[in-house]
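Work through the exercises below with the sequence and coordinates open. Each task is followed by a solution in steps.

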Amino acid sequence: MDACDGPDCRETIKELDTFLDDELSAGARLAIRHHLEGCTDCLQAFDFHAELKQVIAEKCHHDEMPADLLSRIERCFDLDFDGDGKIG
Ligand SMILES: [Zn+2]
């Protein structure tokens, strides 16, 4: 499917982490939701990240995640999973 080649998809994926952290404006969230309704590729990417984020957050919370492993995952995805404001 080439639905995800447009600038729309790139914008959507770029906002993924902010969207999941609930830090977007209502208008921006609505635009993303609207895009996800029509774009399976982005929806799958969002689902995957949402799930991953949840698992990692849980493991961080229970102190089950070694710090160096978390750092590697953050660098790999370029996302701040534990919410400490830095990648890695
Ligand atoms: Zn898309």
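## Exercise 1: positive phi

Just after helix 4, Asp63 has a positive phi of about 60 degrees. The model is a predicted one.

Task: state which residue takes a positive phi just after helix 5, and describe the phi and the place of Asp22.

Solution.
- Step 1. Most residues other than glycine have a negative phi.
- Step 2. Just after helix 5, the residue with a positive phi is Asp78, at about 55 degrees.
- Step 3. Asp22 is a residue other than glycine, and its phi is positive, near 65 degrees.
- Step 4. Asp22 sits in the loop between helix 2 (16-20) and helix 3. Asp22 counts as exposed because 7 other C-beta atoms lie within 10 Å.

## Exercise 2: the chain as a whole

Task: give the secondary structure content of the chain, the spans of its C-alpha trace and the share of buried residues.

Solution.
- Step 1. The chain has 5 helices and 0 strands, so that the order of elements from the N terminus reads α-α-α-α-α.
- Step 2. Along the principal axes, the C-alpha trace spans about 40 × 30 × 20 Å.
- Step 3. Of the 88 residues in the chain, 9% are buried.
- Step 4. Among contacts with a separation of 6 or more, 44% join residues 24 or more positions apart.
- Step 5. Helix 5 is hardly covered, with 0 buried residues among its 11.

## Exercise 3: the two sides of helix 4

Task: compare the end-to-end reach of helix 4 with the expected value, then say which of its residues are buried and which exposed residues lie on the face turned away from them.

Solution.
- Step 1. Helix 4 has 22 residues and extends 31 Å from first to last C-alpha, close to the 32 Å expected at 1.5 Å a residue.
- Step 2. Its buried residues are Cys42, Phe46 and Ile56. Viewed down the axis of helix 4, the buried residues fall within an arc of 105 degrees, so they line one face of the helix.
- Step 3. An α-helix has 3.6 residues a turn, so residues three or four places apart point the same way.
- Step 4. The face of helix 4 turned away from the buried side carries exposed residues, namely Thr40, Gln44, Asp47, Phe48, Glu51, Gln54, Val55 and Glu58.

## Exercise 4: Ala45

Task: find the element that holds Ala45, classify the residue by its C-beta neighbours and list its contacts beyond four places in sequence.

Solution.
- Step 1. Ala45 belongs to helix 4.
- Step 2. Ala45 is partly exposed because it has 17 other C-beta atoms within 10 Å, where 20 or more would make a residue buried.
- Step 3. Leaving out residues up to four places away in sequence, Ala45 touches Ile13 and Leu16.
- Step 4. Ala45 and Leu16 are 29 residues apart in sequence, with a C-alpha to C-alpha distance of 8.6 Å.

## Exercise 5: two loop residues

Task: are Cys39 and Glu64 buried, partly exposed or exposed, and where does each lie?

Solution.
- Step 1. Cys39 lies in the loop between helix 3 (26-38) and helix 4 (40-61). Cys39 is partly exposed because 19 C-beta neighbours lie inside 10 Å.
- Step 2. The C-alpha atoms of Cys39 and Val55 are 25 Å apart, with their positions 16 residues apart along the chain.
- Step 3. Glu64 lies in the loop between helix 4 and helix 5 (67-77). Glu64 is exposed because its C-beta neighbours inside 10 Å number 10.
- Step 4. Glu64 and Cys9, 55 residues apart along the chain, have C-alpha atoms separated by 34 Å.

Key:
Residues are numbered from 1 along each chain as its sequence is written. This is a predicted model: local features need pLDDT of at least 70, side-chain atom pairs count only at pLDDT 80 or more; totals for chains, interfaces and linings use all residues. Helices (H or I, at least four residues) and strands (E, at least two) are DSSP runs, numbered from the N terminus. A residue is buried if 20 or more other C-beta atoms lie within 10 Å of its own, exposed if 12 or fewer, and partly exposed in between; C-beta atoms are placed from the backbone. Two residues are in contact if their C-beta atoms, placed from the backbone, lie within 7 Å. The expected span of a helix is 1.5 Å times one less than its number of residues. The arc is that of the directions from the helix axis to the C-beta atoms.
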